[in-house]
Structure formats: C-alpha cells, structure tokens
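Colleague: Got a minute to walk me through this one? I'd like to start with what counts as a contact.

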Amino acid sequence: MAVSPAPELDQALGRRLELHPQVALRPEPFGALAYHYGNRRLIFLRHPDIVRVVRELGEYPTLEEALEGCGIDRSRWRSFVSALQSLESSEVIRER
Amino acid sequence: MSAESLVSQMKFGLDAPICLTWELTYACNLQCVHCLSSSGQRDERELSTAEAKRVLDELRDLQVFYINIGGGEPMVRRDFFELVEYAIDNRIGVKFSTNGAFIDAARAKQLAAMDYLDIQISIDGADAATNDAVRGEGSYAMARRAMDHLASAGFGPFKISVVVTRQNVDQLDDFKAIADSYGAQLRVTRLRPSGRGADTWHQLHPTAQQQHQIYRWLLAHGENVLTGDSFFHLNALGESLPGLNMCGAGRVVCLIDPIGDVYACPFVIHDEFRAGSVRDSGGFAKVWKESELFRSLREPDNPGACGSCGNYDSCQGGCMAAKFFTGLPLDGPDPECVTGFGESQLMKVPVGIAPKPAMDHSKPVLLTRKR
C-alpha cells in the first residue's frame, strides 16, 4: 500500500464525506456487503471497523472527526484513508 | 482481508443470499429442449400474489439487494408488473429473464420507465436456424423484436443471455456483435444437464476441444462479458477467469421455485437439494439460515477423488448440478473436467442411473388425433 506523505494525509482527513445515498450496507460476518443501486455493483467491506466509519461518515464535520468518533487508533488512519479512497472510486462514499 | 480469505469466508455462507433466483411460474409459451426447470404448464400450487408479496417483505428485511426473476416465462403471470413494482418499491432491484414474447412497444416503454430493473433476453443461436432448433420455431424473431422494442423505448443497456452449446460455440463473436449493436451487455452461461437439459445435454454440451475455445474467448473478453461465474471448471486450463471461482449453492446463491420450494441453486430442482419452502413456518429466512442441507453445503469442501489432482484449487471440482444429473459422484470430477477425468467417469455410469429432475411441467406431446 502506498503511504501518502503527511500533507496529503492532512488534506484527506479534512474532507467531508458521506455514504452514497444510492448505496445500501448489509452486515456480514466478515464486515459488510455494499450494493450500489445505480451502477449495480456489489462491494465487500472487509472489516467491521471500516463499516462503522463508512456508516457514520456523514454525521461528522470531517473525516478526522469521524475516525476519532469511531475510536479508530491513529496508527491505522493511513490505511483507513487509503481504503476510503478506493471506496470513493467505486462510489460507495462521496464528497458532501 | 485478502481476496482468498474472503472467498473462504463466503464458503461458510452469508446472512442472506447475494444472488437469489426466483422462478415465478412454470408456465411458458416456449418448450426449450434444455429448459433447466422443465417448464411449460402452470403449477396450480403456484404462490399467490399475496404469498409472493410476503416473500418480498422477507427479502427486504433480509436486505437482499436484488433478485433474478425467471420461470418459465415470468411475464405470463398476470401480476408480473405488480410484483416487480412491489419489489422495486421495497428497494429490491429486479433482473428478469424473458424470451421476449410479451415485450411489445407499450410494454417496452413501461419497462424503460422503471428504476432498478434489468432485463435479460435469451437467445441460444446468433441466427434463427441455430436458435430455433433449441428454443422453438419463431423464437429468434420474437426475441429480436423484443430487443428492438427495448432499444426504441430507450431502455438502456439490457442483457442478452446465451447458453453455450455445441452448436453455437462458434457464434460467440456474432452474439457479441448483436449485443454491441444494441448497446446491450452479453451474458453467456454454461449448459447444465438440469430439467429437460438432462435429456439433451449429451448432444448439446460443448466438446472437449470447444471447452478450450470457450475458455480462450472468455479470457480475451474479461469483464466485458458476464458469465454468472458459471465457467469456473475451465480455470484448470490456466489463468483464472473473472469471478469468485467457487460453487455458491446454498452459500451465496439459492432458488425459490414457483410453488415456494427453496433449492440450493437454480440447476438442482431435485428432492436431494430441496432445503424447505417459503410456506414453512419461519419462512424463507429460516430455510436460508437453518436448513440442514444449506448447513452441510457450507461445510468445507471435500475434494474426494479430485484431491490428488493438482488442479483442484483452480476448478474446485466443478459444478455440483452437472455431476448430479449425469450420475457422477459429487466428490469427483465434473463431467466436463478439462483433464478428461470426468468423461472417462461418465462412460462408466450405467444407462438410466442418473437422477431424474423432481418435477416435470413440460406440455404434453400433441398426438395427431384419429378421426
């Protein structure tokens, strides 16, 4: 996984994101299944923590506060930012 | 979590199916020789509109994102649009398979106005002669008319569904061209010896050489052609085809038949693979979560006779339905195993020993009446 330099991480943490309104999440033992009703894509969220963050993103002013609020340890933020980037490219989440 | 461990997780089963097929009726205007559900005549025990809506309520509560509706010909049901609209209103997307007989200009417009709806029109030949030999006289023209109507109504990218047979394997490029001409998506799936297909599989299934041809063609077209992940038995030939590469029966896939019986997959309508009924107390959810059959299918695979073959990780021993209805043991090679193990096993299966499908709704053969 590419480690983004600090300024990029800061920029990412300041973003305002939300679960895409056309996406439904279904809890599963491994995390959750996300289904996009628009593009008909099925996406796997492979950890309960990422599911929680994705679900609650929209309720926090920034991504940083969402990660704090969901109790995600700072050492895991980089990997969360990268996971969220890929979820944004598959339109599971989007900019508010 | 790596892709591999995700697949092994899925083998233990999901809280609800990802891919649920619901055959709405056994009634059909066609009599395709390979029909996997031996459809033709309506079954009088068919689920009523109210019962069907109760099942949809359950699927909504289980968060089944979409369902694949088939038959028979699902549009034969008078409440077809009512049920499709009910599903969509409950955020259950619908993809339905049809032979196109009932899609005229007005129906096409009605369908084009609906969200979360996909349509799959079946043809099994890229020309009338090849198609009609399998699906019946006039069925090619009928399907193409339906496609024309959908295109003029601005439906968008519908799907064209093809079962690959010995006769049409050379037409794969032609099917792709037809799909492209409509801006449609091509879906090709594997012929199973299920339903009436049990009687015709030996003549229709692709030869060993054609299996290679299909594999190369699918590899070249990648994700642009849908397959329902049905060709994973070919992965033993080398690089894996796109898809999950596992049998999803009872794990991520199941079938609800027209009378509400729940089977492990659309290709195994037989008592041995019947998990229960949506009419049982506890409904579909209880069948999915607690049936003994589904629990056993979620146990780790037993490679059986295939364990000593180096290809097992690639092909997973192939398709359960293909083995079952050709009379082969489930813990051995697929009848179309690319190493040829299946073919040699097939030769040892005594005539008449292969299990027969549970039900036959074929229309009676019309005999010429003596005056």
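Modeller: Sure. Two residues are in contact if their C-beta atoms, placed from the backbone, lie within 7 Å.

Colleague: OK, so which residues does Tyr263(B) touch, not counting residues up to four places away in sequence?

Modeller: Tyr263(B) touches Cys254(B), Leu255(B), Asp257(B), Val268(B), Ile269(B), Phe273(B), Arg274(B) and Ala275(B).

Colleague: Anything I should know about the model and the labels?

Modeller: This is a predicted model: local features need pLDDT of at least 70, side-chain atom pairs count only at pLDDT 80 or more, and totals for chains, interfaces and linings use all residues. Residues are numbered from 1 along each chain as its sequence is written, while chains are lettered from A and ligands numbered from 1 in the order in which they are written.

Colleague: Which residues touch the most other members of the largest nonpolar core?

Modeller: Ile67(B), Tyr263(B), Cys265(B) and Val268(B) do, in a core of 119 residues. A nonpolar core is a set of buried Ala, Val, Leu, Ile, Met, Phe, Trp, Tyr and Cys residues joined through C-beta atoms within 7 Å. Buried means 20 or more other C-beta atoms within 10 Å of a residue's own; exposed means 12 or fewer, and partly exposed is in between.

Colleague: Which helix gives this core its largest share?

Modeller: Helix H6 (residues 139-152) of chain B, with six residues. Helices (H or I, at least four residues) and strands (E, at least two) are DSSP runs, numbered from the N terminus.

Colleague: Switching to chain A. What is the strand order in the open sheet of three strands?

Modeller: The order is E2-E3-E4, with antiparallel pairing. Two strands pair if DSSP finds at least two bridges between them.

Colleague: Why is one side of E2 and of E4 left without a neighbour?

Modeller: Strands E2 (23-28) and E4 (42-45) of chain A stand at the edges, so each has a single partner strand.

Colleague: And how many bridges join E3 and E4 of chain A?

Modeller: Four, with E3 covering residues 31-36. Tyr35(A) stands opposite Leu42(A) of E4(A).

Colleague: Any odd backbone spots?

Modeller: Arg40(A) has phi near 60 degrees, a positive value in a residue other than glycine. Arg40(A) sits in the loop between E3 and E4 of chain A.

Colleague: Is Arg40(A) exposed or partly exposed, and why?

Modeller: Partly exposed, because it has 13 C-beta neighbours inside 10 Å.

Colleague: What about the peptide bond from Gly71(B) to Gly72(B), cis or trans?

Modeller: That bond is cis, with omega near 15 degrees. Gly72(B) lies in the loop between strand E2 (66-70) and helix H3 (80-89) of chain B.
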